[in-house]
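Me: I'm new to reading protein structures, and I'd like to take a close look at one small part. Could you walk me through it in plain words?

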Amino acid sequence: MKLKNPIHVNSEIGKLEKVMVHRPGKELENLIPDYLDRLLFDDIPYLKGAQAEHDNFVKVLENEGVEVVYLEKLAADAIDAGDVKEEFINQWMLETGMVSENVKNIVKEQLLKLDTFDMVLKTMEGFRKTEVKATNFDSSLADLLESDYPFLVDPMPNLYFTRDPFATMANGVTINKMFSETRNRETIYGDFIFRYHPAYKENVDKFYSRDEEDRIEGGDELVLSKDILAIGISQRTDSRAIEKLAKRIFEAGAFKEIVGFDIGQHRKFMHLDTVFTMVDYDKFTIHPEIQAGLRVISIKPGNDGEVILEEKESHNLAEVLAEALGLEKVTLLPCGGGNLVDAAREQWNDGSNTLAIAPGVVVVYDRNPITNNLLEKAGLRLIKIPGSELVRGRGGPRCMTMPFVREDLKK
């Protein structure tokens, strides 16, 4: 199926044709216990194990007929196609926090010597101070005051969760303004891909920019149908960003309604896809704590580019989702079967963060047996992957994938 638009995503469950991932790299080897909070990580994965698990994940997708492309390769190809290697390095340097001009020049020189693909990987990996001679820090008081910090440039360990830095919907993309500065640097790769890559610089609606003031992240953006976009109002996504995005989406004619779910400012409810994901026409995995009492806002197009806001009468998740999909009812499948202890354990291991590659065909971590058994009893076909190392970053199969093309639903 050849499409004019290189981005075509009108649902969460349509047959997945093409998807982007990032293979975990040396950025994981720059995680150390003292600075996990700074880098938004909870643990330290073993790189070789994480790569083996990720390679298996990709093989599973390819065996199901999905074309897999890599963030790092697309970024390198975009930079080469646009002949913008120095522009990319200059922009990356601006966001590193380096102060000393002397040190910046040394780092830039090192990056320019690398071929583009290796340069992209190095910018993801970060720079340890041991990679630059200590005497080069003497000209900057700021560098000297941070002498105990081991990194000259922080790594980007969250990059294998490609769902967050930008998000695809309809025939467009949001290049996101991230919640934390640590992750905001990740969006540079998507920015260059959609500005310079021959396959993606045209025929793609640009709904949001990384330069915006208000934050939004891809884990909060779910495409329920060709008419309905769901967005989480969360710790990571601001209500002002949603209203701004809504106006642009409606102007492009992409959706008829945006449904905003106020899931609160909790880390355990970090993103909307942390608390529910769509797995079939009428089925969702959910965090059991999110079932009732949820405030939901409807956003629809108004006159003269404005939007109409209305709070939904029902605060019941099942009723809201059924209404959005035009169904009599939907089935909610609670992580851990709803048991308090089991749900807490398996939710921590992303039992609700699943990836539908077709209606009722779902990729899950094998380490959540209670939730997985519940999904199988509901008639779903599960593709179980190991994730002992990958899960240490607190992300599941949906987090690790950015769909580029899904088949439109026929039902």
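Which residues does Leu-61 touch, not counting residues up to four places away in sequence? Please tell me about the surroundings too.

Reply: Happy to! Keep in mind that this is a predicted model.

Let's start with the residue itself. Leu-61 lies in helix H1, which covers residues 47-63. Is Leu-61 buried or exposed? Leu-61 has a relative accessible area of 0%, and buried means under 20%, so Leu-61 counts as buried.

Now for your list. Leaving out residues up to four places away in sequence, Leu-61 touches Val-19, Val-66, Val-68, Leu-355, Ile-357, Val-363 and Thr-401. For a sense of distance, take Asp-43, which sits 18 residues from Leu-61 along the chain: the C-alpha atoms of the two are separated by 26 Å.

Some of those contacts lead us to a sheet. Val-19 is one of the residues Leu-61 touches, and strand S1 spans residues 16-21. Val-68 is another contact, and strand S2 spans 67-70. These strands belong to an open sheet of three, in the order S2-S1-S19, with mixed pairing. S2 and S19 are the edge strands, each pairing on one side only. From one strand to the next, the twist averages 20 degrees. A bit of background helps here: strands of a sheet pair through backbone hydrogen bonds, either parallel or antiparallel. S1 and S19 pair in the antiparallel sense, over four bridges, and Met-20 stands opposite Met-402 in S19.

Where does the helix come in? H1 lies across S1 and S2, and runs at about 145 degrees to S2. Helix H2, made of residues 71-82, also lies across strands of this sheet: S1, S2 and S19, at about 60 degrees to S2.

The other contacts take us further along the chain. Leu-355 and Ile-357 are among the residues touched by Leu-61, and strand S16 holds residues 355-358. Val-363 is touched as well, and strand S17 holds residues 361-365. S16 and S17 run antiparallel and are joined by three bridges. Two of your contacts even face each other here, as Leu-355 stands opposite Val-363 in S17. The two strands form a hairpin with two residues between them, and Gly-360 in the turn has a positive phi of about 80 degrees.

Let's finish with some empty space, since the sheet strands turn up there too. Rolling a probe the size of a water molecule over the atoms shows where empty space is left. A search of the whole structure finds two cavities of 30 Å³ or more. The largest has about 60 Å³ of space. Met-402, the residue opposite Met-20, is in the lining of this largest cavity, along with others including Val-9, Arg-163 and Pro-403. S19 is one of the strands that each supply at least two residues of that lining, though S5 gives the most, with three. By class, the lining has six nonpolar, two polar and four charged residues.

Met-20 helps to line the second largest cavity, together with residues such as Leu-71, Tyr-189 and Gly-190. This cavity has a volume of about 40 Å³, and its lining has six nonpolar, two polar and one charged residues. Tyr-189 and Gly-190 are also among the buried residues of H8, a helix in which nine of ten residues are buried.

Notes
Residues are numbered from 1 along each chain as its sequence is written. This is a predicted model: local features need pLDDT of at least 70, side-chain atom pairs count only at pLDDT 80 or more; totals for chains, interfaces and linings use all residues. Side-chain values use heavy atoms; hydrogens and water are left out. Two strands pair if DSSP finds at least two bridges between them. Buried means under 20% relative accessible area, exposed over 50%, partly exposed in between (1.4 Å probe, protein chains only). Contact means heavy atoms within 4.5 Å. On a 1 Å grid over the protein atoms alone, a cavity is a set of points where a 1.4 Å probe fits but cannot get out, and a pocket is an open set with protein on both sides within 12 Å along at least five of seven lines; lining residues have an atom within 4 Å of a point. Grid points are joined across faces, edges and corners, and a volume is the space filled by probe spheres set on the points. Ala, Val, Leu, Ile, Met, Phe, Trp, Tyr, Cys and Pro count as nonpolar, Asp, Glu, Lys and Arg as charged, and the others, Gly among them, as polar. Axes are lines fitted to C-alpha atoms, for helices over the stretch in contact, and angles run from 0 to 180 degrees between N-to-C directions.
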